[in-house]
Amino acid sequence: MKTNYRYLVKQVYHQVLYNCILQIFSKAGIPPGVVNVVTCDRGNVSEVGKMLCENPLVSLISFTGSSQVGKILLQQSASTVKKCSMELGGNAPFIVFDSADINTAINGAMASKFRCSGQTCVCANRFMVQEGIYEQFVTKLAEAMDAQIKVGDGLEKGTTQGPLINSRAVDKVDSFVQDAVKQGAKVIRGGQRSSAGQTFYEPTLLQDVNSNMLVVKEEIFGPVAGVQKFKTEEEVIILANGTSAGLAGYVYTNDAAQQWRVAEALEYGIVGINEGLFSTPEAPFGGYKESGLGREGGIGIGIEEFLEVKYVCMGGM
């Protein structure tokens with residue numbers, strides 16, 4: 001009889017994970033049965049998700065993932081008019097005006113774009129730099145990438161960038177880069193798969209990017225920074241809002257009036273002004289348009305997503 005070792009490894013992994021979660025919630029004082037963990041193979045995810053969405057015993061679905069999957073869950077949850085909280089995909093604009101402190105903008109770009117190898121929903125996706133500092137920004141960003149990024153094994157000293165989630169993610173990122181190059185983008189750094197392994201991609205910087213390219217139209221979810229040029233504030237607001245996503249946006253300018261104008265004009269749930277890392281448990285996290293419904297975190301706001309409002313009127317007293 002042939003032993004299926006892969007199946008056994010998965011079973012052991014699921015059991016260890018389950019036991020760890022039980023211990024965590026037990027120490028937190030949460031009674032048994034309050035928190036339940038459902039594990040499944042990748043091939044069964046759709047069936048399990050559909051069951052949770054359509055089962056009337058489930059009161060709410062909270063999901064973090066792609067907009068594509070979020071739409072499916074919303075459709076399935078409609079059968080029971082289920083409450084949903086969705087934190088979905090993004091296409092974050094990173095806007096740098098001529099008035100910005102360029103070193104601050106570079107530091108923010110590095111923090112926002114390359115953390116987790118570009119694999120967070122709020123990673124800068126589209127770099128939009130005003131024409132007066134465009135060339136300087138591209139040069140300085142390339143220098144910062146050379147100095148600060150080292151691709152390799154995360155257990156090795158000095159490594160700052162690891163792999164993408166799987167080989168399909170590498171294929172996607174590479175196809176986006178090749179699409180940009182075919183349409184006229186110039187590769188300043190990277191632009192190809194890394195020799196570090198099959199799931200690694202070189203930190204990439206593209207110049208002369210335009211709105212017809214996939215690196216601008218879709219969420220990259222990888223270590224690729226495509227920089228496009230703009231002339232006016234009005235132009236860049238139109239460019240930034242010209243997407244179905246609306247999760248996070250970044251604005252770099254030292255003009256106080258411009259900071260408020262642009263922040264209010266951007267159709268995004270989260271806006272960082274001269275700041276590349278803004279996530280914190282105390283602040284609401286969520287997006288506009290196809291980037292989701294509801295908010296996570298924040299004082300009171302995050303909890304309200306999981307509660308229902310009840311009005312009780314007592315008469316005859």
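Let me begin with C313, which is exposed at a relative accessible area of 60%; exposed means over 50%, buried under 20%, and partly exposed in between, with a 1.4 Å probe and protein chains only.

Some notes on the model itself. This is a predicted model, in which local features need pLDDT of at least 70 and side-chain atom pairs count only at pLDDT 80 or more, while totals for chains, interfaces and linings use all residues. Residues are numbered from 1 along each chain as its sequence is written, and side-chain values use heavy atoms, with hydrogens and water left out.

I turn to the cysteines. Searching the whole structure gives zero disulfides, a disulfide being a pair of cysteine sulfur atoms within 2.5 Å. For C121, the closest cysteine sulfur is that of C123, and at 8.1 Å it is too far for a bond.

C123 also appears at the cavity. On a 1 Å grid over the protein atoms alone, a cavity is a set of points where a 1.4 Å probe fits but cannot get out, and lining residues have an atom within 4 Å of a point. Points are joined across faces, edges and corners, and the volume is the space filled by probe spheres set on them. There is one cavity of 30 Å³ or more, and the largest has a volume of about 40 Å³. Its lining comprises 13 residues, of which T120, C123, N125, E219 and F221 are the closest to the centre.

Finally, the sheet. Three strands, in the order β1-β2-β10, form an open sheet with mixed pairing; strands are DSSP runs (E, at least two residues) numbered from the N terminus, and two of them pair if DSSP finds at least two bridges between them. β1 (60–64) and β10 (292–293) each have a single partner strand, so one side of each lacks a neighbour in the sheet.

Terms used
On a 1 Å grid over the protein atoms alone, a cavity is a set of points where a 1.4 Å probe fits but cannot get out, and a pocket is an open set with protein on both sides within 12 Å along at least five of seven lines; lining residues have an atom within 4 Å of a point. Helices (H or I, at least four residues) and strands (E, at least two) are DSSP runs, numbered from the N terminus.
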